[in-house]
Amino acid sequence: LADLSAGIRRPPPRRDPPASSTRSFALASCQYPGDILDRTPPGTPERSAPPGPSDASYLRLLDLLESRRGAVGNDEPPPAIPQFLVLAGDQIYADATAGLFDPRRVDDRFRVSYEAFFSARGPRSVLSRLPAVMRADDHEIADNFEPGPGPSDRLERIGVREFLRNQCDEDMPGPVRPRLWHATPVHGLPFFWADARTLRTPRTAATVGDASMLGTDQADALDRWLADKGAPGPRFLVSAPMVLPRHLETRVAEAPAVAIRSDAWDGFPSSLHRPLAKVHTCGQGVA
């Protein structure tokens, strides 16, 4: 039978309301949902079975939301309770079996992955209590995905459609390519939610130095967002691939073409240098 308790929203209890200037959020990514060997056994009441390794981090967050002391010592002040959760990418692994046991139908590859994620004990318990903003990365589509013609284009279209449906509660806007990036504040904090996956230009050893990770419109919008000095306090750029640090091989290599080996920002040198130069020029505090 379906566990209908997962659909009940349980706001976390608070001992002392935070000051109006205080904000706290949790950040996570790359949370593998696990399988029969490492997930919490399904169908058992909450807390009646030890957490499986793939659920452990979510259940530690659940302890915090429910104001349990957990690993916090008796003499330490209780940690701040997050007001929302940022899941920065790879909430599912549509390519978990590396093609070995993939379903025959492309749609099933995503359906099965989302069912596994939302039915797992950890995500189910936390997401029913804490609002979350979810972003897409490569494993929502395919490992180290970059746009391209043919089968790659169809895989991206279905992966983005299922991401919008399952993680954003939105429908695919017809044949129009959806815009996955935006600058939207959350709880009064300025955020730029980057799409560093689906707008990449194809790379070769000869073009990698000038290849774009964000596309023209998004890169221009990020420039304007970084240059805007009207927002007080820190601002947050959320990108599924890490902006920094760079991989060691891209720092020490004499040949610029070696950047093509990286799937992160240092694999697109011009896209990496542009926002870093803007932050340096504008003197803004961006996390």
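What pattern does the chain follow, read along the sequence? The order is β-α-β-α-α-β-α-β-α-β-α-α.

**Before selecting anything**

This is a predicted model, in which local features need pLDDT of at least 70, side-chain atom pairs count only at pLDDT 80 or more, and totals for chains, interfaces and linings use all residues. Residues are numbered from 1 along each chain as its sequence is written, and side-chain values use heavy atoms, with hydrogens and water left out.

**Whole chain**

Colour by secondary structure: there are 7 helices and 5 strands. Helices (H or I, at least four residues) and strands (E, at least two) are DSSP runs, numbered from the N terminus. Of the 287 residues in the chain, 41% are buried. Buried means under 20% relative accessible area, exposed means over 50%, and partly exposed is in between, with a 1.4 Å probe and protein chains only.

A surface display would cover about 15,700 Å² of exposed area, 57% of it supplied by carbon and sulfur atoms. Accessible areas come from the Shrake-Rupley method with a 1.4 Å probe; for residues, only the protein chains shown count as cover. For contacts in the chain with a separation of 6 or more, residues 24 or more positions apart account for 67%. A contact means heavy atoms within 4.5 Å.

**Stop 1: helix H1 and alanine 80**

Select residues 56–65, which form helix H1; its buried residues are Tyr58, Leu59, Leu61, Leu62, Asp63 and Leu65. After H1 comes serine 67, with a positive phi near 65°.

Next, select alanine 80 in the loop between H1 and E2. Alanine 80 counts as partly exposed, at 46% relative accessibility. Leaving aside neighbours within four places in sequence, alanine 80 is in contact with Ser24 and Leu64. A C-alpha distance from alanine 80 to phenylalanine 25 comes to 8.8 Å, for a pair 55 residues apart along the chain.

**Stop 2: two aspartates with positive phi**

Go to aspartate 90, in the loop between strand E2 (84–87) and helix H2 (106–119). Aspartate 90 is not a glycine, yet its phi is positive, about 60°. Is aspartate 90 buried or exposed? Its relative accessible area is 3%, so aspartate 90 is buried.

Then select aspartate 169, in the loop between H4 and E4. Aspartate 169 also has a positive phi, near 55°. At 71% relative accessibility, aspartate 169 counts as exposed.

**Stop 3: leucine 130**

Leucine 130 sits in the loop between helix H3 (121–127) and strand E3 (132–134). Leucine 130 counts as buried, at 2% relative accessibility. Add alanine 26 to the selection: the two residues are 104 residues apart in sequence and 9.9 Å apart in space, C-alpha to C-alpha.

**Stop 4: phenylalanine 163**

Select helix H4 (residues 151–167) and find phenylalanine 163 in it. Phenylalanine 163 has a relative accessible area of 2% and is therefore buried. Which residues does phenylalanine 163 touch, not counting residues up to four places away in sequence? They are Tyr114, Met134, Arg135, Ala136, Glu140, Cys168 and Leu180. From phenylalanine 163 to glutamine 91 the C-alpha distance is 9.7 Å, with their positions 72 residues apart in sequence.

**Stop 5: serine 212**

Move to serine 212, in the loop between strand E4 (191–193) and H5. Serine 212 counts as buried at 19% relative accessibility. Apart from neighbours within four places in sequence, serine 212 is in contact with Leu199, Arg200, Thr201, Phe268 and Ser271. Serine 270 is 58 residues from serine 212 in sequence and 7.0 Å from it in space, C-alpha to C-alpha.

**Stop 6: helices H5 and H7**

Select residues 216–227 (H5) and 269–282 (H7): these helices pack at an angle of about 20°, with axes 9 Å apart. That makes H5 roughly parallel to H7, a label for angles under 35 degrees. Axes are lines fitted to C-alpha atoms, for helices over the stretch in contact, and angles run from 0 to 180 degrees between N-to-C directions.

Show side chains for the contact: Ala219, Asp220, Leu222, Asp223, Leu226 and Ala227 of H5, with Arg274, Pro275, Lys278, Val279 and Cys282 of H7. By class, this contact has 7 nonpolar, no polar and 4 charged residues. Ala, Val, Leu, Ile, Met, Phe, Trp, Tyr, Cys and Pro count as nonpolar, Asp, Glu, Lys and Arg as charged, and the others, Gly among them, as polar.

**Stop 7: a cis peptide bond**

Finish at proline 245, in the loop between strand E5 (236–238) and helix H6 (248–252). The peptide bond from leucine 244 to proline 245 is cis, with omega near 0°.

Technical notes
Parallel < 35°, antiparallel > 145°, perpendicular 65-115°, else oblique.
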